[in-house]
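Colleague: Could you take me through the side-chain contacts in this one, with a close look at the charged pairs and whatever surrounds them? I'd like a connected account rather than a list.

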Amino acid sequence: MSMKPFFILVLVAASFYAKAQHTGPSVDTVLKGATIEVEQSYKPQVKQAPKPIWTPQLPPADTTHPIFSYDVPQQTLYYTYTSQPLRPLALGKDTARQPFANYIAAGGGNLSTLYLDAGIGSIKGTNYETDIHIHDISQKGNIEYQQSSLSGLEAEGTLHEELSDWHAAIDVERNQYYYYGYDHHQYDYTSDEVRQTYTTIRACVDTKNTDSTDKIKYHPAVIASLYDARFNTSETNIGVNAPFAYDFDNMLQAMVAVNADIAHLATSTISANNGIAELLPGLNMHTEVFDGHALLGLAVGMGGSGYILPDVGILLAIPNTRFRVSAGYQSTLRQNTYEQLSTENPYLSNVYAAMQTKRDELYAGLQGSTGNHLSYSGRISWWQFAGLPTFLNDTGDHKQFYVVYDNVKAASVQLGARYTLADKWSAGITGDFYHFYNGNQPYVWQEPNTKIKGDFTVMLLSKLTITAYLAFMDGIYAKDGSGSITKLKAIADLGGKAEYQIIPRLSAFVQLDNILNDQYQRWLHYQAYGINVYGGLRLKF
């Protein structure tokens with residue numbers, strides 16, 4: 001091959017390149033390199049969970065069936081309408097080691113107040129934890145025998161196995177009161193004649209599976225209790241709750257529960273059984289915007305009476321909003337045992353005829369929030385009570401109450417709101433307003449138709465926390481000694497508490513109850529304690 005043409009092409013290309021280098025400057029079409037810096041500042045904020053809203057008596061029924069979220073009932077019995085001191089729970093539920101899992105608080109004040117509160121949560125291991133709570137508060141007013149003493153011990157433990165949890169609890173309570181609501185000029189009783197002491201021993205064992213992949217879920221429980229009182233009164237109770245569920249998928253669940261509760265009351269003049277047996281099959285559905293359940297309960301009560309107890313409810317989240325609406329219909333059956341009624345009214349006579357209460361509620365509700373701090377809720381309900389227990393003073397010295405059952409209907413409105421600003425302060429208020437009608441009695445005796453509760457918490461300093469509460473009740477009607485209807489004075493109870501951390505292990509507190517010194521009567525002839533101030537120290541260890 002001849003190389004001449006190839007060299008000719010190379011010479012031509014070289015001359016062309018040299019000419020281009022000697023021409024004038026040209027415009028560069030290539031963008032120069034540049035560095036873009038993006039600065040981002042992010043300050044995390046933790047939204048504080050809202051505190052639960054306190055709900056007084058006759059609470060609205062939950063929209064989910066209670067048997068599938070079983071909890072051991074609260075056993076601390078407070079028989080009079082007095083605001084109890086705020087008590088921290090014993091730590092220890094978390095598997096992480098807490099700096100101070102135990103505490104003891106003690107103090108005293110006017111009204112001969114002696115106060116003790118202690119919690120132990122340090123007894124735990126890798127697969128178990130326990131909690132022990134001990135409490136006592138005693139007070140004495142300026143009326144003869146106006147005194148009370150509330151003591152108790154609650155202990156529970158949970159054992160975690162590979163696929164299930166076992167839980168056991170035992171509660172022991174001793175609550176002492178005196179029947180001081182009589183005419184002290186007309187009657188002269190000794191301490192032994194008017195002293196009443198309620199003693200409760202309760203034990204519970206339950207288990208549940210914890211395998212999230214298991215389609216079958218269960219949570220059976222057995223509860224047994226002994227409720228003893230003076231004047232030859234004793235009540236035994238044993239209950240079995242056995243709920244089961246089967247998950248078809250993530251949306252649909254079938255449920256069934258078998259519940260039974262048998263109580264036996266024995267006094268010097270009464271020996272009676274009071275039992276309930278229930279079968280509750282149903283379905284539960286859950287989606288991103290919808291929750292609903294439908295159960296049809298079949299129950300047998302005292303005397304073999306049969307009941308149909310439907311429970312249907314929906315909860316709907318409105319898309320693109322912070323609102324949720326709920327509606328439903330629920331029927332329940334209550335035993336009205338001596339323990340239940342005397343817990344509500346400790347001045348109850350032990351001679352009463354037991355009758356069970358069937359409660360039906362048709363409701364609609366709304367929940368929502370504004371911004372990151374304000375949450376609110378509302379609920380309207382129509383109620384029908386068959387055998388609602390009410391209380392009237394006896395016709396003798398009026399110091400004890402007897403039970404009057406009534407069939408009554410009611411309409412109610414329940415409202416609640418809470419504002420929370422991080423960990424700085426929080427304020428909440430709830431209100432329940434009832435209108436009772438179509439009863440056989442002129443009024444629902446001793447049952448308030450207006451209940452308002454408010455609370456406020458503020459952390460002024462990193463070591464100082466202040467809380468306050470307001471409780472208001474009105475619309476309480478009773479019958480006096482002559483049989484005349486009387487309306488009790490409205491109840492306004494204002495109080496608060498302050499606690500200052502001296503060192504991490506030690507803090508001082510002061511509690512004020514009934515600051516207004518309101519001499520109200522929650523129960524006719526039973527005047528409340530006046531202003532109560534007590535304080536003390538809290539030690540963590």
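**Charged pairs and their surroundings**

Modeller: Happy to! Let's start with Arg 379 and Glu 361, which form a salt bridge whose closest N and O atoms are 3.4 Å apart. Their contact links distant parts of the chain, since Arg 379 belongs to strand β16 (residues 374-393) and Glu 361 to strand β15 (residues 357-370), 18 residues apart. Please keep in mind that this is a predicted model. Both partners are shielded: Arg 379 is buried because its relative accessible area is 13%, under the 20% cut-off for that label. Glu 361 is buried too, with a relative accessible area of 1%.

In general, side chains of opposite charge can pair when their charged atoms come close. Across the whole structure, a search finds 13 salt bridges, so there are other examples to visit under the 4 Å limit on the N to O distance.

One of them joins Glu 447 and Lys 451, whose side chains meet at 3.1 Å, N to O. Here again both ends are covered: Glu 447 counts as buried at 10% relative accessibility, and Lys 451 is buried with a relative accessible area of 2%.

Another salt bridge brings together the side chains of Arg 538 and Glu 499, at 2.9 Å from N to O. This pair also links distant parts of the chain, with Arg 538 in strand β27 (residues 532-540) and Glu 499 in strand β23 (residues 491-503), 39 residues apart. Arg 538 has a relative accessibility of 2% and therefore counts as buried. Besides its contact with Glu 499, Arg 538 has an aromatic neighbour: its charged end sits over the ring of Phe 509, 5.5 Å from the ring's centre. Elsewhere, salt bridges with shared partners join Asp 192, Arg 195 and Arg 230 into one network.

Another arginine over a ring is Arg 522, which lies over the face of Trp 523 at 4.3 Å from the ring centre. Trp 523 in turn belongs to an aromatic cluster, together with Tyr 177, Tyr 179, Tyr 180, Tyr 347, Phe 391, Phe 401 and Tyr 526.

That brings us to the rings themselves. The whole structure holds 26 aromatic pairs. Among them is the stacked pair of Tyr 145 and Tyr 178, with ring centres 6.0 Å apart and 10 degrees between the planes. Tyr 145 lies in the loop between β3 (128-140) and β4 (147-160), while Tyr 178 is in strand β5 (residues 164-178), so their pairing ties together parts that are 33 residues apart in sequence. Both of these tyrosines are buried.

Finally, a look at the strands on either side of the Glu 447 and Lys 451 contact may help you place that pair. Lys 451 falls within the residue range of strand β19 (residues 450-461), which pairs with strand β18 (residues 425-437) in the antiparallel sense over nine bridges. Within that pairing, Gly 428 has Asp 455 in β19 as its bridge partner. Strand β19 also runs antiparallel to strand β20 (residues 464-474), joined by eleven bridges, and there Met 459 stands opposite Thr 465 in β20. Strands β19 and β20 form a hairpin, with two residues between them.

Conventions. Residues are numbered from 1 along each chain as its sequence is written. This is a predicted model: local features need pLDDT of at least 70, side-chain atom pairs count only at pLDDT 80 or more; totals for chains, interfaces and linings use all residues. Side-chain values use heavy atoms; hydrogens and water are left out. Helices (H or I, at least four residues) and strands (E, at least two) are DSSP runs, numbered from the N terminus. Buried means under 20% relative accessible area, exposed over 50%, partly exposed in between (1.4 Å probe, protein chains only). Rings of Phe, Tyr and Trp (its six-membered ring) pair if their centres lie within 6.5 Å; planes under 30 degrees apart count as stacked, over 60 as edge-to-face and the rest as tilted. A charge sits over a ring if NZ of Lys or CZ of Arg is within 6 Å of the ring centre and within 35 degrees of the ring normal. Two strands pair if DSSP finds at least two bridges between them.
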